[in-house]
Structure formats: structure tokens, C-alpha cells
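This report looks at how some helices pack against each other and at the nonpolar cores of one chain. Please view the structure before reading on.

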Amino acid sequence: MEIRHYPVMHKEVLEYLLIPPGKSCMIDCTTGEGGHTSLFLSNYPDLEVIGLDRDRDIQAKAIERLAPFGSRFHPVLSWFDDYLAQADADSADAVLFDLGISMFHYAESGRGFSFRNGERLDMRLDADGALSAADVVNGYGEEALADVIYRYGEERYSRRIARAIAERRREKPFELSSDLAEVIASAVPGQYRHGRIHPATRTFQALRIEVNGELDRIKPALREAERVARKGGRIAVITFHSLEDRIVKWFFKDEEKEGRVRILTKKPIVPSDEEIAENAPSRSAKLRVVEKV
Ligand SMILES: C[S@@+](CC[C@H](N)C(=O)[O-])C[C@H]1O[C@@H](n2cnc3c(N)ncnc32)[C@H](O)[C@@H]1O
């Protein structure tokens with residue numbers, strides 16, 4: 001069965017990211033499999049979308065899926081902060097970010113995002129990136145590893161987990177995601193092991209964020225998005241965890257204070273009960289939208 005990433009809060013995103021009539025341009029900073037882009041291209045016949053993604057494999061899926069839209073879709077293989085830094089000012093009517101990774105990464109990429117499939121510990125979105133998850137797990141000092149797990153995973157057992165990893169890798173370096181998940185599970189208290197989420201979930205999130213520099217890219221990208229949006233253009237950001245959401249929320253608040261944007265979502269928009277029932281992973285999503293003034 002092919003699991004396709006479900007475009008989160010698609011109705012709300014369409015409603016808030018107003019595209020003016022006539023020839024217009026949107027930048028989808030996280031195209032993924034092209035769910036949101038496909039919706040926008042279908043709804044706006046004169047719209048062109050510049051679709052960014054740093055992952056070559058998922059980009060190939062988007063290109064195939066969006067082929068019916070012909071030259072209205074322009075795929076670009078790039079980190080979004082890098083692309084936006086060199087894009088023309090005042091050139092986009094709308095900019096969308098749907099942060100994080102896609103269901104594809106867990107279910108199909110084979111790069112160790114999932115701890116169930118016994119995949120190699122890689123987690124790079126950029127296949128040529130210098131740092132893999134195995135490099136972090138086998139190469140960071142115990143304290144630095146604990147810090148990463150605590151900071152990016154908000155994992156309260158970060159020190160115990162880092163200690164268990166350091167002990168096990170002295171015997172044999174980690175290669176597979178399933179081995180790492182087992183060591184993590186055996187390092188945490190029994191109660192935690194039988195909790196709502198797998199005990200390795202937070203550590204895996206932390207590793208992914210560290211490997212891809214995910215959080216460090218958000219603020220510079222938002223600043224550039226603001227420059228690249230035209231006056232009256234809108235910027236929408238969907239986040240999936242509080243670390244991301246905090247960065248977006250405070251950035252927009254500061255920018256509003258400086259008179260550069262108007263916040264259109266005083267409280268973040270969250271998925272409806274129906275959407276959560278249909279697509280459980282959407283439950284932690286938050287949408288924030290601003291308009292450039
Ligand atoms: C949650 S998915 C987006 C799904 C998409 N909105 C859809 O409807 O199919 C996020 C995508 O952004 C990509 N990505 C994450 N961070 C990125 C970054 N800093 N620069 C470029 N692409 C990034 C990931 O590879 C992934 O494909």
C-alpha cells in the first residue's frame with residue numbers, strides 16, 4: 001500500500017493563502033509529494049508554483065504527480081533558506097511552509113527515520129549532506145548527545161539514553177535504526193516503555209533535527225520569505241511540534257511589532273476533529289499566517 005502524505009489543513013491553507021486573480025506566483029518551500037501544491041494549481045488556473053524540497057527522492061514523486069500541470073510547476077532542489085536568500089524581493093504572492101518530514105520518509109525512504117524497519121541510520125534529506133544519524137549516534141561525546149536529545153527531542157530521559165548509547169557503541173557501533181530503538185527502550189523506565197508513544201520517538205526526532213539543521217533554518221527562511229513576498233502577500237507556516245511553533249510564533253510577533261507584517265491568526269489554526277479522525281498524525285499541526293504590510 002502506498003501511504004501518501006495527506007496535505008494537512010488543506011482547506012484552511014487555501015482559505016488563508018489568498019492568491020490574487022490573474023498571473024500569480026507561489027513558493028511552496030516544502031513541496032514534499034506535492035499535496036498542497038496540487039491543490040493550489042487546481043484551484044488557480046493562472047498560478048505558477050516554485051516548489052522547493054531538499055530531498056531528491058520525494059521531489060521525483062512530486063514531479064511525476066504534478067506533471068499534468070506542465071510548466072506551471074517549477075521544481076527546485078534546495079534547502080528553503082538557501083533558495084529564499086537569493087530569490088528576488090517582492091516576487092511572490094504567497095509563501096507556504098509545511099515543516100518537518102513526510103509520511104514518505106517514515107514509510108518508504110529506507111533512511112532510518114522509522115525505528116521499526118531495521119533500516120540504516122541515515123536520516124539525511126540531502127543525500128550529499130556531511131552528517132548522518134549514524135555519525136551523530138556513534139561520533140558525538142556522551143554529553144553532547146544527551147544535549148541534542150534533550151534540546152531537540154524534549155526528552156526527559158536524555159542522559160540515561162545517551163549513557164546507554166555510549167555503553168553499547170563501545171562494543172559495536174550502531175548501524176540500524178531498530179538496534180538504536182531497542183537500546184533506547186531498554187534504557188528508560190518500564191512505565192515509559194509502555195506509554196502512548198514508542199520510547200524512541202523523541203530521540204529519533206532529535207537526531208533528525210540535528211542531522212538536517214531543521215530548526216536553525218526556520219528563522220532565516222522566514223526573514224527571507226518576508227522580503228520575497230510582495231506587499232499584501234501572505235506567508236503560511238504549518239508546524240508539527242512546539243519547538244518549531246515557538247520559533248514561528250515569536251518571529252511573527254516581533255515582526256508585527258516592527259510593523260512589517262500583520263498576524264492573521266491570533267491563535268494558531270488547528271485541524272478539525274474530522275481531519276484528526278481521518279489523519280491522526282495531523283493532530284499536532286498548527287497553522288500561522290501573516291500578511292506583509
Ligand atoms: C511535511 S512535508 C510537506 C508535504 C507537502 N506539503 C505535501 O502536501 O505533500 C515536508 C517536506 O519538506 C522537505 N523539507 C524539510 N525541511 C526542508 C528545508 N529546510 N528545505 C527544503 N525542504 C525541506 C522534506 O523533505 C519534506 O518533503
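## Helix packing and cores

In this predicted model, helix 7 (residues 142-153) and helix 8 (residues 158-171) have axes that come within 8 Å and cross at roughly 140°. Helix 7 is therefore oblique to helix 8. Their crossing is right-handed. On the side of helix 7, the contact is made by Glu142, Leu145, Ala146, Ile149, Tyr150 and Gly153. Helix 8 contributes Ser158, Arg159, Ile161, Ala162, Arg163, Ile165 and Ala166. These contact residues divide into 8 nonpolar, 2 polar and 3 charged.

Helix 8 also packs with helix 9 (residues 177-187), at an angle of about 130° and with the axes 9 Å apart. This makes helix 8 oblique to helix 9. The crossing of helix 8 and helix 9 is right-handed. Here the contact is made by Arg160, Ile161, Ala164, Ile165 and Arg168 of helix 8, and by Val183, Ile184, Ser186 and Ala187 of helix 9.

The table lists the residue classes in each contact.

| Contact | Nonpolar | Polar | Charged |
|---|---|---|---|
| Helix 7 with helix 8 | 8 residues | 2 residues | 3 residues |
| Helix 8 with helix 9 | 6 residues | 1 residue | 2 residues |

Which residues have the most contacts inside the largest nonpolar core? They are Val95, Leu96 and Ala236, in a core of 45 residues. Leaving out residues up to four places away in sequence, Leu96 touches Val13, Leu17, Met26, Asp28, Cys29, His36 and Ala236. A second, separate core has 28 residues, including Tyr152, Tyr157, Ile161 and Ala162. Ile161 is also among the helix 8 residues that contact helix 7 and helix 9.

Key
Residues are numbered from 1 along each chain as its sequence is written. This is a predicted model: local features need pLDDT of at least 70, side-chain atom pairs count only at pLDDT 80 or more; totals for chains, interfaces and linings use all residues. Axes are lines fitted to C-alpha atoms, for helices over the stretch in contact, and angles run from 0 to 180 degrees between N-to-C directions. Helices (H or I, at least four residues) and strands (E, at least two) are DSSP runs, numbered from the N terminus. Angles under 35 degrees count as roughly parallel, over 145 as roughly antiparallel, 65 to 115 as roughly perpendicular and the rest as oblique. A crossing is left-handed if the near helix is turned anticlockwise from the far one by less than a right angle, and right-handed if clockwise. Two residues are in contact if their C-beta atoms, placed from the backbone, lie within 7 Å. Ala, Val, Leu, Ile, Met, Phe, Trp, Tyr, Cys and Pro count as nonpolar, Asp, Glu, Lys and Arg as charged, and the others, Gly among them, as polar. A nonpolar core is a set of buried Ala, Val, Leu, Ile, Met, Phe, Trp, Tyr and Cys residues joined through C-beta atoms within 7 Å. A residue is buried if 20 or more other C-beta atoms lie within 10 Å of its own, exposed if 12 or fewer, and partly exposed in between; C-beta atoms are placed from the backbone.
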